[in-house]
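Open the model in your viewer and keep the selection panel at hand. The tour goes from the whole chain to a single side chain.

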Amino acid sequence: MQHMRGKETVAVFENVVKWRKGRSIGIEKFSMSIQKAEKILVYGNSGMMHELYRVFAQLEKPDDGIRKIYGKLAYVPIEFPLWDDLRVQDYLFLMLKDRKKKHAGEVIEMWKESLLWKKRTFQVQHLSDWEKEKLLYLMAFLRNPDILVIGNIGKVFTREEEKELWNMVDRYRRINHMAVLCVSEYKEEPYQFDCIYRVLNGKIVREGE
């Protein structure tokens with residue numbers, strides 16, 4: 001595990017370049033380090049946001065530069081990737097397999113306190129989009145990640161629904177001090193980030209600098 005400025009580093013991106021497939025637009029070189037428990041937002045309405053998310057979530061390699069992830073990474077998918085005919089509890093029990101109780105107990109409590117507990121025997125096809133999103137968050141937490149990448153692209157929830165999701169994130173951050181990296185098409189106003197980066201004209205610019 002590496003350290004930077006006295007803090008534990010969970011991810012480093014050095015001179016990363018990413019082009020959009022089949023298009024002549026892309027992101028120029030950018031560098032970023034993420035510290036344990038740090039909350040970072042990268043946002044912009046560029047068509048590059050999907051590609052950036054896939055690089056951050058380790059679903060694609062950058063076209064150039066170095067990407068280093070230390071510890072365990074989990075991500076919240078942009079689209080719901082699960083089988084509709086399985087039940088809510090099937091997915092969470094699958095994630096619970098071989099997990100240490102001390103890391104899973106709080107997640108189970110969050111599950112029990114939410115409406116998803118009452119719907120634990122429902123097939124996921126009968127859940128709302130927001131309930132499916134909540135299920136994806138709980139599944140990500142059960143991986144006990146050092147860094148959580150959230151692909152909040154093209155998703156529309158009410159203010160209260162967004163607030164509940166972010167409250168879940170903060171609640172789990174208090175357990176294991178995971179870092180949070182959110183990739184979004186808009187600025188996440190209800191949530192306080194430690195640093196915010198904007199994607200603009202092929203560059204990733206940190207706000208406030």
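Accessible areas here come from the Shrake-Rupley method with a 1.4 Å probe, and for residues only the protein chains shown count as cover. Show the surface of the whole chain: about 11,200 Å² is exposed, and carbon and sulfur atoms supply 46% of that area.

This is a predicted model, in which local features need pLDDT of at least 70 and side-chain atom pairs count only at pLDDT 80 or more, while totals for chains, interfaces and linings use all residues. Residues are numbered from 1 along each chain as its sequence is written, and side-chain values use heavy atoms, leaving out hydrogens and water.

Switch to the C-alpha trace, which spans about 45 × 40 × 30 Å along its principal axes. Then colour by secondary structure to find six helices and ten strands (DSSP runs, H or I of at least four residues for helices and E of at least two for strands, numbered from the N terminus).

Next, colour by burial: 49% of the 209 residues are buried, where buried means under 20% relative accessible area, exposed over 50% and partly exposed in between (1.4 Å probe, protein chains only).

Now select Thr9, which lies in strand β2 (residues 7-19). Is Thr9 buried or exposed? Thr9 counts as buried because its relative accessibility is 1%. Add Gln35 to the selection: the side chains of Thr9 and Gln35 are joined by a polar contact of 3.2 Å. Such a contact is a pair of N or O atoms within 3.5 Å; within protein, one must be able to donate a hydrogen and the other to accept it, and residues adjacent in sequence count only if both atoms are side-chain atoms.
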